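Please open the structure in your viewer and keep the selection tool at hand. This tour suggests what to select next and says what is found there.

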Amino acid sequence: MTGRQRRQLNHFFVETFNNILLYEEQALSDAGSGKLSVKELHVLAAVGLLEAEGQNTMTRIAAALNITVGALTTAVNTLIRKGYLARVADQSDRRLVRVVLTESGRLADARHSAFHEDMLDHVAEILTEADVETLTRSLDRLSAFFESAAQKQTTGEAP
């Protein structure tokens, strides 16, 4: 890897990633989700996805977000207080508590999903089909590397 390529990749991983988050925060604030952080919106997205699959327990949601149940508890309590989530007892096993989106949570999650679809549409406008294929292939490999590295970090193995 050349020095220029190293600088470009570092710029992408630091500056571009931060710009994507800022773009997302601003777009969602403009769409009326300003009371929610991007992390909170990602919790809502995970709850919505797992709720649709009947897997919306704290343990499953935390695993989907790669966070501890304790960290999720803090986030869920905040989102309940804000009116976006609720805890409900499972109908078939009253000992089991499920986390569900409220109507406000569904609306915020829909706005967040629409933002991502819009962002992908804009990316598709500026890249050729070949560029998209190369990018997705490269991102698949990078994603696998970072997932493996993160897993090794949590288990204490060297990357």
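The stops below go from the whole chain to two helix contacts, a salt bridge and a surface patch.

Before selecting anything, note that this is a predicted model, in which local features need pLDDT of at least 70 and side-chain atom pairs count only at pLDDT 80 or more, while totals for chains, interfaces and linings use all residues. Residues are numbered from 1 along each chain as its sequence is written, and side-chain values use heavy atoms, with hydrogens and water left out.

**The whole chain.** Show the protein as a cartoon, and you should find 6 helices and 2 strands, where helices (H or I, at least four residues) and strands (E, at least two) are DSSP runs numbered from the N terminus. Their order from the N terminus is α-α-α-α-β-β-α-α, and the C-alpha trace spans about 60 × 40 × 25 Å along its principal axes.

**Helices α2 and α5.** Select residues 38-52 for α2 and residues 103-126 for α5, whose axes come within 9 Å and cross at roughly 105 degrees; axes are lines fitted to C-alpha atoms, for helices over the stretch in contact, and angles run from 0 to 180 degrees between N-to-C directions. The two helices, α2 and α5, are therefore roughly perpendicular, a word used for angles of 65 to 115 degrees. Among the residues in contact (heavy atoms within 4.5 Å) are L41 and H42 of α2 and R106 and D109 of α5.

**Helices α2 and α4.** Keep α2 in view and add α4, residues 69-82; the axes of α2 and α4 lie 11 Å apart, at an angle of about 90 degrees. That makes α2 roughly perpendicular to α4 as well. On the α2 side, select E40, V43 and L44, which meet L72, A75, T78, L79 and K82 of α4.

**A salt bridge.** Which side chain meets E40 in a salt bridge? Select K82, whose side chain pairs with that of E40 at 3.0 Å, N to O, a salt bridge being a side-chain nitrogen of Lys or Arg within 4 Å of a carboxyl oxygen of Asp or Glu. This pair links distant parts of the chain, 42 residues apart, and the whole structure holds 5 salt bridges.

**Helices α1 and α6.** Finally, select α1 (3-33) and α6 (129-155), each of which supplies at least two residues to a nonpolar patch on the surface. F13, in helix α1, is one of the patch residues, and α6 gives the most, with 5 residues.

How values were computed
Angles under 35 degrees count as roughly parallel, over 145 as roughly antiparallel, 65 to 115 as roughly perpendicular and the rest as oblique. Patches are made of residues with over 30% relative accessible area and no salt bridge: like charges are joined within 9 Å, nonpolar side chains (Val, Leu, Ile, Met, Phe, Trp, Tyr) within 5 Å. Accessible areas come from the Shrake-Rupley method with a 1.4 Å probe; for residues, only the protein chains shown count as cover.
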